[in-house]
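Subject: Structure for you, with notes

Hello,

Here is the structure for your next look. Please open it beside this email. My notes come after it.

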Amino acid sequence: MASLISFDEALELGALTERDDITALVERAWAVRTERFGNSTDMCSLVNAKSGGCAEDCGFCAQSRYAEADTPMHAMMEPDQILEHAKAAEAAGAHRFCMVTQGQGLSKRDFEKVVEGARLVSQQTNLKRCVSIGHISADRARKLADAGIQRVHHNVETARSYYDEVTTTVRYEGRMRTIDAVKDAGLETCVGGILNLGESPRQRVEMAFELAEINPTSVPINLLNPRTGTKFGDRDPMDPWEVVKWVAIFRLILPDALFRLCGGRVENIGDLQPLAVKAGLNGVMMGNFLTTLGVDPGDDREMFEELGLNVARQPDNGANPRPDNRDGWLGGETPETPIDELIATQAEANFWDPSTQLRVVKKKGKVPAYPKRQDAEAA
């Protein structure tokens, strides 16, 4: 993906601190976003289909066995439960739906439940289908495609130069093999990361240019929501203006990718979320997040519509590209949503709700220390 700015220019923009300068940068990014995507949007919603008990050491995650935080748990959902949550996402106006599980791989039994859930969502909704299920083989990628999955999410999390500070048990090379398997199966890729893990401004720029090399269809930007007991639990949230600035910089480095803000947007940005949209977003993660509560869908739709963006969904069973997709523009106007009246609040439908569906389990015994980096041990 050809970037619109150089590495050095991105570093210079990353050093901006004056709000007038950041506002000017936002306008520049907004022009790029509207030139490439017009007034279209790409709104996603998720279900946490399996949670807790992860063996990996990702420093941002309370599900890790190394975190002293209480573990949010629930067993693998049945396919009909996945469908029920998908229908709630559709009623809220989401364009796509992502089935998410913990850990870096699924058992054969759990994988088959995801596959069957994807078939049901494909058959009974107008949603586009995504999964985020850790490492997958080429064979599993093909099975997902056959079941109706169109996009697979698998983050790199941070710059390669900072990666070992974030996790030592999940290898960067393994992530790349999964991304390659997804591409080989003809599926779209959704690859992003998390800001505010202690990385430097240079490393944020590094991550953006590394993503440009991967050339994903979609780039989710997450913002650390510090969880007590995790490796990064004592970090302060990002300054909202810093978030807006970096969204705009990423847009200029990856001008053709679909951008959305996901986890941490409520806690880190607050009232500046509309400005973050102008900084280059195509959409947000609607509804709730994996382990935290989100925003009412009516508020998200209103935020985009007030900027002149079209949040209508296309009644095509998710088969054809919307105008938000790099595959091409459809002729004519985007059709109205097939739902007669979209819901405005999460209470109106059976959304994934971490406050009621997760069972918090206190860890027993001594929690193992986070593994040290190999180079740190050698020193």
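Below is what I found, grouped by theme. Keep in mind that this is a predicted model.

**Aromatic rings**

I searched the whole structure for aromatic pairs, and three turned up. One of them joins Phe7 and Phe209. Their ring centres are 5.6 Å apart, and the planes make an angle of 35 degrees. That angle is neither under 30 degrees nor over 60, so the pair counts as tilted. The two partners come from distant parts of the chain, 202 residues apart. Phe7 belongs to helix 1 (residues 7-14), while Phe209 belongs to helix 8 (residues 201-214). Phe7 is partly exposed, as its relative accessible area is 25%.

**Charges over rings**

Two arginines are worth a look here. Arg65 places its charged end over the ring of Tyr66, at 5.1 Å from the ring centre. Arg140 lies over the face of Phe111, and here the distance to the ring centre is 4.3 Å. Both Arg140 and Phe111 return in the next section, as part of a helix contact.

**Helix 4 against helix 5**

How do helix 4 and helix 5 run relative to each other? Helix 4 covers residues 108-124 and helix 5 covers residues 138-146. Their axes come within 10 Å and cross at roughly 30 degrees. Angles under 35 degrees count as roughly parallel, so helix 4 and helix 5 are roughly parallel to each other. From helix 4, the residues in the contact are Lys108, Phe111, Val114 and Val115. From helix 5, they are Arg140, Lys143 and Leu144. By type, the contact of helix 4 with helix 5 has four nonpolar residues, three charged ones and no polar ones.

**Positive phi**

Two residues that are not glycine have a positive phi. For Glu157 the angle is about 75 degrees. Glu157 sits in the loop between strand 5 (151-153) and helix 6 (163-166). Is Glu157 buried or exposed? Its relative accessible area is 8%, so Glu157 counts as buried.

For Asn215 the phi angle is about 60 degrees. Asn215 is in the loop between helix 8 and strand 8 (218-223). With a relative accessible area of 32%, Asn215 is partly exposed.

**The loop between strand 8 and helix 9**

I looked at two residues of this loop, Thr230 and Arg235. Helix 9 spans residues 240-253.

Thr230 is buried, at 10% relative accessibility. Which residues does Thr230 contact, once neighbours within four places in sequence are left aside? They are Gly59, Phe60, Cys61, Ala62, Ala67 and Tyr370. Ala67 and Thr230 are 163 residues apart along the chain, yet their C-alpha atoms are separated by 4.7 Å.

Arg235 counts as partly exposed, at 31% relative accessibility. Not counting residues up to four places away in sequence, Arg235 touches Asn196, Leu197, Gly198, Leu224 and Pro226. Arg235 also has a C-alpha distance of 8.8 Å to Asn225, which is 10 residues away in sequence.

**Two more pairs across the sequence**

Glu84 is in helix 3 (residues 79-91). Its relative accessible area is 43%, so Glu84 is partly exposed. How far apart in space are Glu84 and Asn350, C-alpha to C-alpha? The distance is 7.0 Å, with their positions 266 residues apart in sequence.

Ala347 lies in the loop between helix 12 (297-305) and helix 13 (354-357). Ala347 is exposed, with a relative accessible area of 78%. From Ala347 to Asp296 the C-alpha separation is 8.7 Å, and the two are 51 residues apart along the chain.

**To recap**

Phe7 and Phe209 form a tilted aromatic pair. Helix 4 and helix 5 are roughly parallel. Glu157 combines a positive phi with a buried position. Thr230 is buried too, and its contacts include Ala67 and Tyr370.

Best wishes

Technical notes: Residues numbered from 1 in each chain as written. Predicted model: local features only at pLDDT ≥ 70, side-chain atom pairs only at ≥ 80, totals over all residues. Heavy atoms only, no water. Phe/Tyr/Trp six-rings, centres within 6.5 Å; stacked < 30°, edge-to-face > 60°. Helix = DSSP H or I, 4+ residues; strand = E, 2+ residues; numbered from the N terminus. Buried < 20%, exposed > 50% of the residue type's maximum accessible area, 1.4 Å probe, protein only. Lys NZ or Arg CZ within 6 Å of the ring centre and 35° of its normal. Axes fitted to C-alpha atoms, helices over the stretch in contact; angles between N-to-C directions. Parallel < 35°, antiparallel > 145°, perpendicular 65-115°, else oblique. Contact = heavy atoms within 4.5 Å. Nonpolar A, V, L, I, M, F, W, Y, C, P; charged D, E, K, R; others polar.
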